[in-house]
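Here is a short briefing on one structure. Topics run from an annotated segment to chain symmetry, a sheet, a buried serine and the nonpolar cores.

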Protein chains: 2
Amino acid sequence: MQIKNYLPVLEWLPNYKRSNLQGDLSAGLTVGVMLIPQGMAYAMIAGLPPIYGLYASTIPLLIYALLGTSRQLAVGPVAMVSLLTAAGIGTLAEGGTETYIMLAITLALFVGAIQFLLGAFRLGFLVNFLSHPVISGFTSAAALIIGLSQLKHLLGVDIARSHHVHEILLQAIEKASDINWATFAVGIGGILLIKGVKKINKAIPGPLLAVVFGILAVYGLGLTEQGVKIVGTVPDGLPSFVIPSFSGADFSALLPIALTIALVSFMESIAVAKAIQAKHKDYKVSANQELIGLGAANIVGSFFQSYPTTGGFSRTAVNDQAGAKTGLAAIISALLIGLTLLFLTPLFYYLPKAILASVIMVAVFGLIDIKEARHLWATDRADFWMLIATFIGTLSLGIEQGILIGVALSLGVVIFRTTLPHFAVLGKIPGEAHFKNINRFDNLEQRDDVLIMRFDARLYFANVNFFKEAIEAEVEKRKDSLKLFILDANSINSIDSSGVHALEELADELKAQGIEFYMTSVKGPLRDTLRKAHFSEKLGEGNFFMHIQTAIDKFDQKDPQRFEKYVLQTNHA
Amino acid sequence: MQIKNYLPVLEWLPNYKRSNLQGDLSAGLTVGVMLIPQGMAYAMIAGLPPIYGLYASTIPLLIYALLGTSRQLAVGPVAMVSLLTAAGIGTLAEGGTETYIMLAITLALFVGAIQFLLGAFRLGFLVNFLSHPVISGFTSAAALIIGLSQLKHLLGVDIARSHHVHEILLQAIEKASDINWATFAVGIGGILLIKGVKKINKAIPGPLLAVVFGILAVYGLGLTEQGVKIVGTVPDGLPSFVIPSFSGADFSALLPIALTIALVSFMESIAVAKAIQAKHKDYKVSANQELIGLGAANIVGSFFQSYPTTGGFSRTAVNDQAGAKTGLAAIISALLIGLTLLFLTPLFYYLPKAILASVIMVAVFGLIDIKEARHLWATDRADFWMLIATFIGTLSLGIEQGILIGVALSLGVVIFRTTLPHFAVLGKIPGEAHFKNINRFDNLEQRDDVLIMRFDARLYFANVNFFKEAIEAEVEKRKDSLKLFILDANSINSIDSSGVHALEELADELKAQGIEFYMTSVKGPLRDTLRKAHFSEKLGEGNFFMHIQTAIDKFDQKDPQRFEKYVLQTNHA
């Protein structure tokens with residue numbers, strides 16, 4: 001039974017239902033048709049010859065179909081990973097050269113190895129540290145960078161590669177007089193076609209129509225003589241088996257970028273896989289097995305000339321809408337690409353690069369998520385600023401730096417918030433044995449001789465000073481009358497040695513002032529730690545109570561005068 | 001009135017009581033006498049001529065007396081900061097040279113400026129991030145490094161400076177045949193004298209006796225001819241006014257080390273200041289004003305040839321025990337050092353370096369804290385490993401790296417723990433309206449159609465997946481009978497946008513399965529966020545309850561059958 005966890009294909013293939021075949025076939029063909037222009041375009045983003053985008057659309061899909069847990073996920077080249085590849089390899093070799101290509105393929109091996117190991121060691125949870133605002137800010141910025149990186153192909157002018165939006169725009173403006181209008185017309189035509197077709201009927205593959213339109217326009221009107229750049233000879237044949245080779249220097253240069261790609265691409269993939277799975281419910285997506293599946297797809301792919309791939313947003317959505325029910329759909333897509341590689345590559349000779357640029361631009365500008373930013377502005381200001389910081393960080397400092405800033409900031413805010421936790425002085429609801437925050441409820445009863453405080457945070461080294469000072473300040477206010485301090489530990493979820501130390505100091509200080517110290521509602525895990533650290537002994541086991549009212553009753557019973565004043569005269573629920 | 005907050009001297013000087021004079025005088029003289037050997041010894045650790053230790057024991061003390069909030073804190077050169085100074089400047093210049101000295105003085109200016117700014121911008125809380133186990137592991141490792149750095153002076157052999165304990169020990173063993181036995185005898189004599197005197201009477205200044213013994217031994221027995229190294233000519237006169245100068249390169253080289261010293265030295269100082277203040281209670285120690293006081297002491301000191309100083313552990317304890325009541329004690333210490341500089345420096349000509357080494361070794365080996373490690377082993381295993389990691393990190397990677405590793409690890413653990421928070425399925429205490437963790441209490445009542453879960457953590461991006469999966473697993477177990485899910489939010493202290501999103505998804509999933517979703521005990525801050533994010537609307541305001549029992553009652557009243565089964569037949573408190 002266990003083997004199915006490691007080879008999810010065994011879940012669906014042995015019991016394959018004929019009723020699923022139509023959906024899988026139609027979805028597989030649709031996605032395959034999408035993959036032809038997308039694969040070539042994304043290879044261009046990555047700084048690779050277009051054929052490598054088709055190579056990356058074969059083997060990885062087959063491997064994922066065997067090992068992946070999602071049944072609709074469409075694996076292959078994606079825009080973000082292509083951009084990260086270009087950003088990483090671009091500093092090590094000249095785009096399009098032999099060395100560059102080999103580095104991109106080696107990168108796939110590294111990315112795959114990292115993902116595979118993360119999955120094998122059950123470290124899939126690491127991805128949880130990328131919060132939604134960080135992903136949203138990062139994606140929008142990366143989309144902007146990717147989109148603008150295609151401006152040179154759309155305008156037919158020479159723009160030096162840059163991750164700085166303003167540099168690209170400045171260059172474009174400077175070179176406005178060099179714009180090749182034939183190229184621009186083809187590109188704009190492609191954009192309008194894709195957008196227009198999408199509006200009319202989402203099932204029509206707009207990008208493929210644009211490709212056909214582009215090839216026909218260039219061929220029919222002889223636009224190459226007008227300076228429209230074309231893809232040129234695309235070699236035919238399936239990708240061949242090549243063992244990725246790398247030096248020690250390559251290894252250390254590629255490792256950081258491989259780590260970034262491994263995590264970012266996994267993020268993108270698991271997010272869409274989970275979103276689609278939530279609709280189906282006939283299978284489960286496992287984060288660790290997904291890492292293993294995507295990792296294996298990248299590793300095996302790299303032996304067949306594939307650059308880094310992952311599960312993509314748009315194609316997965318199409319795959320699902322077109323009726324994919326099992327991994328068979330992906331296998332059919334891969335077969336279609338295989339046939340294209342064998343027989344159809346000559347057709348792409350006249351494909352204008354401007355058309356590929358239009359495919360990319362339409363795809364990525366759709367990823368710029370202004371709605372989310374607006375939503376966060378209205379509902380969670382801290383998360384809004386996190387999104388903006390990641391967005392600006394990515395644009396100004398770079399792709400990897402942007403995401404690192406986002407993660408560091410969001411963890412920093414989490415830490416910072418726990419250093420100034422919420423706390424409350426509690427008062428009694430008249431006639432009930434319940435106690436609430438005096439700042440949130442009116443008419444609560446408070447006694448001169450009893451101070452009840454609740455702390456809403458884990459008590460640990462970074463907030464113990466705040467904790468002690470907050471209590472000391474409240475004790476100081478009541479120092480003339482105070483006889484009992486109750487710490488309601490109800491929402492102190494855990495404690496470390498610094499926290500225990502602070503409680504000990506507090507106990508000593510209160511004792512020195514003649515004030516009794518009780519603790520109430522101490523939860524299981526906290527109670528365990530306090531016992532182990534001998535704090536329960538120090539305070540006295542009898543000073544721990546389940547409920548605040550019980551604690552106060554016990555206190556009142558110690559003194560006949562108090563007993564008479566509070567217990568006999570009051571009637572609490 | 002407010003000016004007293006910025007010039008704490010105005011708190012005590014205008015109302016100075018004659019009764020305090022005796023204590024201040026005796027403490028001031030005792031600490032001054034301690035400072036002579038300690039100052040010279042610590043300057044040696046820092047790689048500076050001994051006189052600079054005395055310079056650093058004058059102006060900084062006076063400035064702190066005006067601006068500091070502690071009345072017993074003894075400011076001046078300390079072992080840790082001296083070691084950090086040597087570690088930082090050692091890579092930039094040759095020890096003892098003009099350049100080296102100027103860099104050490106400039107470092108004091110930088111340290112002071114950083115501390116002053118942190119204080120002025122109210123950033124004293126940053127120090128909270130250094131947890132007790134991290135400080136303990138770091139101090140023990142640094143003490144070992146400092147102590148061993150003096151081995152060469154104790155043995156009279158040439159040992160290259162290193163932060164690697166094994167390298168120092170290996171060198172010492174290799175050069176065992178070169179040991180200068182006269183030097184070694186003087187050093188061991190010093191150690192035994194200091195330790196012996198301490199056992200007999202803590203009030204006798206052992207280090208000063210050792211200095212006298214060493215000078216007499218070298219002078220009387222002519223030990224310089226035996227190769228015993230001496231301090232030699234100590235220039236007389238007070239420190240002169242010199243403007244610290246530095247280049248842009250110095251600035252960027254000194255900044256990281258200045259930042260480390262600024263934080264570490266403040267840590268040491270505030271820790272001892274607070275410990276002593278806790279005994280006195282006639283004044284308050286303010287973290288931010290302490291930063292300002294220590295910062296100003298370093299800044300002004302740097303203009304009078306002072307290297308970085310701070311409040312030290314041992315001398316502060318002595319100052320307090322000897323009866324210091326106000327900052328006057330520190331002023332008296334500074335005056336005593338001033339007199340020494342003017343008139344007594346010729347006496348130190350024959351002072352053997354081995355005696356200074358013995359003073360240092362006794363002082364720092366006392367800081368190695370094995371008791372704390374043993375205590376943590378017994379009570380808090382995670383904190384124990386934090387201590388060990390910081391200890392080993394400091395020994396193997398270096399002083400600054402060690403503390404950084406400690407801080408990063410302790411924050412990492414905090415974050416990691418919140419990703420796998422404690423949660424509980426709750427059951428009802430029979431006959432009471434209270435609900436407890438079914439894994440910790442026996443005989444709790446659970447209903448087939450109601451699942452109650454409590455989450456003990458802030459709900460945020462890094463744990464929302466865990467949160468959802470935990471609930472989904474419990475819902476799955478009861479899927480045939482479950483009709484109501486209650487999330488007891490009692491200890492969910494806050495929530496971010498990812499958390500709200502997870503709740504929304506949960507609400508949708510439960511609705512799709514025909515299960516009602518109630519939330520209970522939602523605390524104030526959480527309720528505010530849920531309202532703002534429109535989740536309260538989505539779930540329906542009527543689905544929020546103060547108590548679990550109220551929620552269940554409401555649920556039962558919706559269905560006549562359930563009402564009959566549970567409400568009429570059961571009698572809950």
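## Annotated segment and domains

Residues 440-555 of chain A are 45% helix and 16% strand. The C-alpha atoms at the two ends of this stretch lie 26 Å apart. The model is predicted.

- An unreviewed UniProt entry places the feature "domain: STAS" at residues 440-555 of chain A.
- The domain assignment splits chain A into domain 1 (19-370) and domain 2 (423-568).
- Between the C-alpha centres of domain 1 and domain 2 of chain A, the distance is 59 Å.

**Chain symmetry**

- Chain A superposes on chain B after a rotation of 180° with 0.0 Å of shift along the axis, at an RMSD of 0.1 Å.
- That is why the relation is one of a two-fold axis.
- In chain A, Ser491(A) has the C-alpha nearest the axis, at 2.3 Å.
- Of the interface residues of chain A, 96% are also interface residues in chain B, so the copies meet through the same surface.

**Sheet in chain B**

- Six strands of chain B make an open sheet, ordered S4-S3-S5-S6-S7-S8, with mixed pairing.
- Its edges are strand S4 (435-437) and strand S8 (544-545) of chain B, and each pairs on one side only.
- Strand S7 (residues 516-520) of chain B pairs with S8(B) in the parallel sense, over two bridges.
- Opposite Thr520(B) stands Phe545(B) in S8(B).
- As a rule, strands of a sheet pair through backbone hydrogen bonds, either parallel or antiparallel.

**A buried serine**

- Ser358(B) sits in helix H17 (residues 353-365) of chain B.
- Is Ser358(B) buried or exposed? Its relative accessibility is 0%, so Ser358(B) counts as buried; the cut-off for buried is under 20%.
- Leaving aside residues up to four places away in sequence, Ser358(B) touches Gly187(B), Gly190(B), Ile191(B) and Ile194(B).

**Nonpolar cores**

- The largest nonpolar core has 127 residues.
- Leu48(A), Leu107(A), Leu151(A), Tyr307(A), Phe348(A) and Leu351(A) have the most contacts inside this core.
- Which helix gives the most to this core? Helix H13 (residues 248-280) of chain A does, with twelve residues.
- Leu48(A) touches Ala43(A), Tyr100(A), Ile101(A), Ala104(A) and Tyr307(A), not counting residues up to four places away in sequence.
- A second, separate core has 111 residues, including Met80(B), Ala142(B), Leu148(B) and Val234(B).

Conventions
Residues are numbered from 1 along each chain as its sequence is written. Chains are lettered from A and ligands numbered from 1 in the order in which they are written. This is a predicted model: local features need pLDDT of at least 70, side-chain atom pairs count only at pLDDT 80 or more; totals for chains, interfaces and linings use all residues. Side-chain values use heavy atoms; hydrogens and water are left out. Two strands pair if DSSP finds at least two bridges between them. Helices (H or I, at least four residues) and strands (E, at least two) are DSSP runs, numbered from the N terminus. Copies are superposed by least squares on the C-alpha atoms of residues with pLDDT of at least 70 in both. Contact means heavy atoms within 4.5 Å. Buried means under 20% relative accessible area, exposed over 50%, partly exposed in between (1.4 Å probe, protein chains only). Domain bounds come from an automatic or database domain assignment. UniProt positions are given in the numbering used here, feature names are shortened, and annotations may be inferred rather than shown by experiment. A nonpolar core is a set of buried Ala, Val, Leu, Ile, Met, Phe, Trp, Tyr and Cys residues joined through side-chain atoms within 4.5 Å.
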